[in-house]
Each structure stands twice: as C-alpha cells, then as structure tokens.
Amino acid sequence: MTETSAHLGLGDSKVDLPVRKGTIGPDVIDIGSLYKQTGAFTYDPGFTSTASCESKITFIDGDEGVLLHRGYPIEQLAEHGDFLETCYLLLYGELPTAAQKKDFDYRVTHHTMVHEQMSRFFTGFRRDAHPMAVMVGTVGALSAFYHDSTDITDPHQRMVASLRMIAKMPTIAAMAYKYHIGQPFVYPKNDLDYSANFLRMCFAVPCEEYQVNPVLARAMDRIFILHADHEQNASTSTVRLAGSSGANPFACIAAGIACLWGPAHGGANEAALNMLMEIGTPDRIPEYIARAKDKNDPFRLMGFGHRVYKNYDPRAKIMQKTTHEVLGELGHKDDPLLQVAMELEKIALTDDYFVEKKLYPNIDFYSGITLKAMGFPTTMFTVLFALARTVGWIAQWAEMIEDPQQRIGRPRQLYTGEPKRDYLPISKR
Ligand code: CMC
C-alpha cells in the first residue's frame, strides 16, 4: 500500500483505490473500479466532491480566488491581451506568436457571416421571444447549415466547427437582439476587431454612420475574456455530456446555452440587475439583507455566492474596474444603481451571515450595471455570456473528444422508488 491510494472498508470488503495527483489542486480518488469491487455506487448530488474528467484547460482555486487559463492568471489575460488571444490559448494550449495571432484573427474574422437562409429562420420566432430562446434554437440549427463540419471524427472538421462557432456567435447574438427590437440585421464588418464588430452589429442602423467607442469596445472585449471559460461548471458539463454521445458540436453548444440560461448560472447577471433595480435606493438595502438571511424566504442576493469561490471572485474585481471605466466614459458615475451596488457590497462584505458563509460578490454582480450602461437590455445579458463562453465550451468539448479515455457519460442513481410489483387491471385499483 502506498500513500497514493485511499482505503475504503465496506462491510467485509476492503478496497484500495488509486489516488491521482494534478499539477495543482486537490488529489482525486479514482473510484472507477469501485462498483466492480464492491457492488456500491458513490452518491454526490450536485457533484460537490466529484471530478468528472481530467482537463488541462482551466484551473480554479476557490479558496484563494485564483482563476488560470492554461496556467495564465485571468488578471494578466484581461489586462494585456484581447479576447481572440484568449480563444487561441484555450483552444491550442499556448499563447500565439504574432504570426499565429494574425492568422487566427483572419480565420475567425472570415467566418463571421451566417448562411443567408439563417436570417429567414429568425422570422419564425415571435418578436417578444427571449433572445436566449432564439439562441438555443438558432445555434442548434447551425448543424442544419454546416454539414461539412459535423463529422466529429475528423480533426479538421472539428477545428472548422470551432472557428465557425466563435466567429458566428456575435453575428447570431446581434441578430437575436435586432430581431427582438424590430431593427434590420447589420452584417459583420471584417475590418473591425471582434468586439468592435459585435457592438456595431448590435447598435448601428442603416440610416446613420456608426462610430465604435474604443473604451466600450475594450470593455466588451474584457467582459468576453472574463467569461471565456470556467472549468467544469453546469453548462460546460452539459456540453461534455451531450458531446459524449457523439452529438455534433453545434447541437452540444445549443445544449450548453440552454443550461446557461438558468438564474443560478448565466441568468444571474440579469437577475442581479433586476434585484438592484427593485432595491432602488441604498436605504432599502437592510430589508433585502434581512430577506436573504431569512430561511423561510426563498430570496437570495443575486450576484453573491459561488459554488467554487469561497473568496472574492477574481473576475468580479476586474469587472468592478471595468464598470467604473464604462460609467465614467458615458458620464453615468452617479447612476443610482451603482450607488446601491457599492453600498450593498460594502454591507454584505461585513455582515456576519455573508462573512461566515463566505458569500462574496461574483462576476454577475457588476456585469449587469456595465452592460445596461452600454445600451444592452437585461434580456441580452445571458446572451453575451453565452457568446463569450462558446470558446470554453468548444475547447472543453474538443479536449473530451481527443481524450482516449472518453466514454459516454452515464451516471448511476440511488433508487428509492417502489420495488417490483405486479400490474393491477384498472377495475381493481
Ligand atoms: N444569498 C443569500 N444566501 C445565500 C446565497 C445568496 N446569494 N448564496 C448562498 N447562500 C446561502 C445558502 O442559503 C446556504 O445557506 P445554509 O448553509 O444556511 O443552507 C449557503 O449559503 C450555501 O449555499 P448553497 O446554495 O448550498 O451553495 P451552492 O454552492 O449550491 O450555490 C450559488 C451556489 C451560486 C447557486 C448560490 O450562491 C446562489 O444562488 N447565488 C445567487 C445566484 C448567483 O449569483 N449565481 C451566479 C454564479 S456566478 C456565474 C456563473 O458561474 O454562472
């Protein structure tokens, strides 16, 4: 017996389970043989103690508030790089050289248009449809338009599908927005960078010249970097699980978008802004803090708490700085929502309930205020998250497909329903 095994006693059986070490982070007990050896499953609803895969992409230390992509701290990527550089890093594992970056930018940029037939697809939706509903439908529909990149066994097709999704997601997101507000679609403009192009597709109209504000374009780019990947969160796990059956990448990303929509995950930025608007003024904060602490009240402070971060979310710190930059640029420094947010943060960071439970502001706490100031309606917030997270989903999906250990994901269960019983004819029930 070595120190790299864990020992489990179950009834009369004694089992040694190998312990695997990562480069950093907690060790994992490999329970792959447990059922064979003992006939028992493990039980871990919500997967709080379960590593679902081996990955080399993203590392989080929730206690220390650390987020690394391929080893690089998120603060450095957000400060010095741009979103497409982060995309390259996530997909290929290394930062690009100048020539690689130029080539990657070119390849992404020249996939930004969507098949013209897609634009007619949009008109099937009601104008008042939530843009996330439109995203789930239209991104899933990409698999009906790009048959030449759905063979997941071909590495070239996998890369083409990846570039297509990174490139087309801003176009589709902007189309969902334009359709929602009844304005004509704006085609991509390839001499603009990724984020400036996206802002133009959202906010330009054919009857006026549109000048991209560089401060807002940089803020948009940083928001995309901050959302690019976050290891095995709910939507990423959904993408991996959907992909484990061999489903095509467009369908898998549509599954991820569906999962992201929920208020406990990507929908939290919309919920956080709605909450700040509901609170309205700093004097009402104590009432909401009391509600958040009340066990009989389902209310939670949206934008606070995280399954993994039990310290300040490192993304939230960068987001807070970006919020101040954007509001300063737009002359909204006195926005009452910002006052409520700053006061709420101050109180929650010193309140015993939040301190004891380690509930810190997460990225969604500040992103909503910023996006609202930039002109996005709340219904678009989660769409922007989906746009940015697409590269993370794709990188994780590709890693899974390339993993020789990869098998279909098939969890087991603890069955607590009726044991076997005989069917009774309806007249005897
Ligand atoms: N307000 C008040 N109490 C809270 C909150 C909150 N926002 N979050 C957690 N708690 C309490 C919770 O009631 C529980 O208390 P107790 O132990 O007394 O029962 C304790 O803290 C632990 O909470 P949990 O629900 O067991 O923790 P979790 O890891 O399952 O949930 C979470 C994590 C993010 C879903 C949760 O903190 C939450 O609902 N936060 C608000 C929604 C939000 O901001 N989500 C965005 C997450 S960041 C973006 C992303 O990655 O998608």
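**Entry 1. The cavity**

Which residues lie nearest the centre of the largest cavity? I put this to a predicted model. Thr109, Thr112, Asp193, Tyr194 and Asn197 lie nearest the centre, within a lining of 13 residues. I then looked up which elements supply the lining, and found that helix H4 (98-109) and helix H8 (194-203) are the elements that give two or more residues to it. The largest share, 4 residues, comes from H8.

I noted the character of the lining as well: 7 residues are nonpolar, 4 are polar and 2 are charged. For the volume of this cavity I recorded about 80 Å³. My search of the whole structure returned 1 cavity of 30 Å³ or more.

**Entry 2. Helix H8**

As H8 contributes to the cavity lining, I examined this helix next. Is H8 largely enclosed by the rest of the structure or largely open? I recorded it as largely enclosed, because 9 of its 10 residues are buried. The buried residues are Tyr194, Ser195, Ala196, Asn197, Phe198, Leu199, Arg200, Met201 and Cys202. Tyr194 and Asn197 in this list are also among the residues nearest the cavity centre.

I then asked which helices the buried residues of H8 pack against. They pack against helix H3 (83-92), H4, helix H7 (155-181), helix H9 (214-226), helix H17 (363-374) and helix H18 (381-402). H4 therefore appears in two of my notes, as a helix packed against the buried residues of H8 and as a contributor to the cavity lining.

**Entry 3. Cysteines**

How many disulfides does the structure hold? I counted 0 disulfides. I took Cys202 of H8 as a case to follow. Why does Cys202 form no bond with Cys207? Cys207 carries the closest cysteine sulfur, but that sulfur is 16 Å from the sulfur of Cys202, which is too far for a bond; the cut-off for a disulfide is 2.5 Å. Cys202 counts as buried, at 1% relative accessibility.

I made a second entry for Cys259, which is in no disulfide. The nearest cysteine sulfur belongs to Cys252 and is 13 Å away. Cys259 counts as partly exposed, because its relative accessibility is 24% and the partly exposed class lies between 20% and 50%.

**Entry 4. The sheet E1-E2-E3**

I turned to the strands. An open sheet of 3 strands has the order E1-E2-E3, with antiparallel pairing. Its edge strands are E1 and E3, each of which pairs on one side only.

How many bridges join strand E1 (residues 5-10) to strand E2 (residues 13-20)? I found 6 bridges between these antiparallel strands. Leu8 stands opposite Val15 in E2. E1 and E2 form a hairpin with 2 residues between them, and Gly11 in the turn has a positive phi of about 60°.

On the other pairing of this sheet, 2 bridges join E2 to strand E3 (residues 28-29), again antiparallel. I noted two facing pairs here: Val19 stands opposite Ile29, and Arg20 stands opposite Val28.

**Entry 5. The sheet E4-E5-E6**

I listed another open sheet, with 3 strands in the order E4-E5-E6 and antiparallel pairing. The edge strands are strand E4 (58-61) and strand E6 (72-73), each pairing on one side only.

E4 is joined to E5 by 4 bridges, and the two run antiparallel. Thr58 stands opposite His69 in E5. What do E4 and E5 form, and how many residues lie between them? They form a hairpin with 4 residues between them, and Gly65 in the turn has a positive phi of about 70°.

I recorded 2 bridges joining strand E5 (residues 66-69) to E6, also antiparallel. Leu68 stands opposite Pro73 in E6.

**Entry 6. Leu338**

My final entry concerns Leu338, found in helix H15 (residues 336-350). Is Leu338 buried or exposed? I recorded Leu338 as buried, because its relative accessible area is 2% and buried means under 20%.

Which residues are in contact with Leu338, leaving aside its neighbours within four places in sequence? I listed Thr323, His324, Leu327, Lys333, Tyr366 and Ile369. I also checked Leu338 against Ala98: the two are 240 residues apart in sequence and 39 Å apart in space, C-alpha to C-alpha.

Notes:
Residues numbered from 1 in each chain as written. Predicted model: local features only at pLDDT ≥ 70, side-chain atom pairs only at ≥ 80, totals over all residues. Heavy atoms only, no water. 1 Å grid on protein atoms, 1.4 Å probe; cavity = no way out; pocket = protein on both sides within 12 Å on 5 of 7 lines; lining within 4 Å. Points joined across faces, edges and corners; volume = space filled by probe spheres on them. Nonpolar A, V, L, I, M, F, W, Y, C, P; charged D, E, K, R; others polar. Buried < 20%, exposed > 50% of the residue type's maximum accessible area, 1.4 Å probe, protein only. Contact = heavy atoms within 4.5 Å. Pairing = 2+ DSSP bridges.
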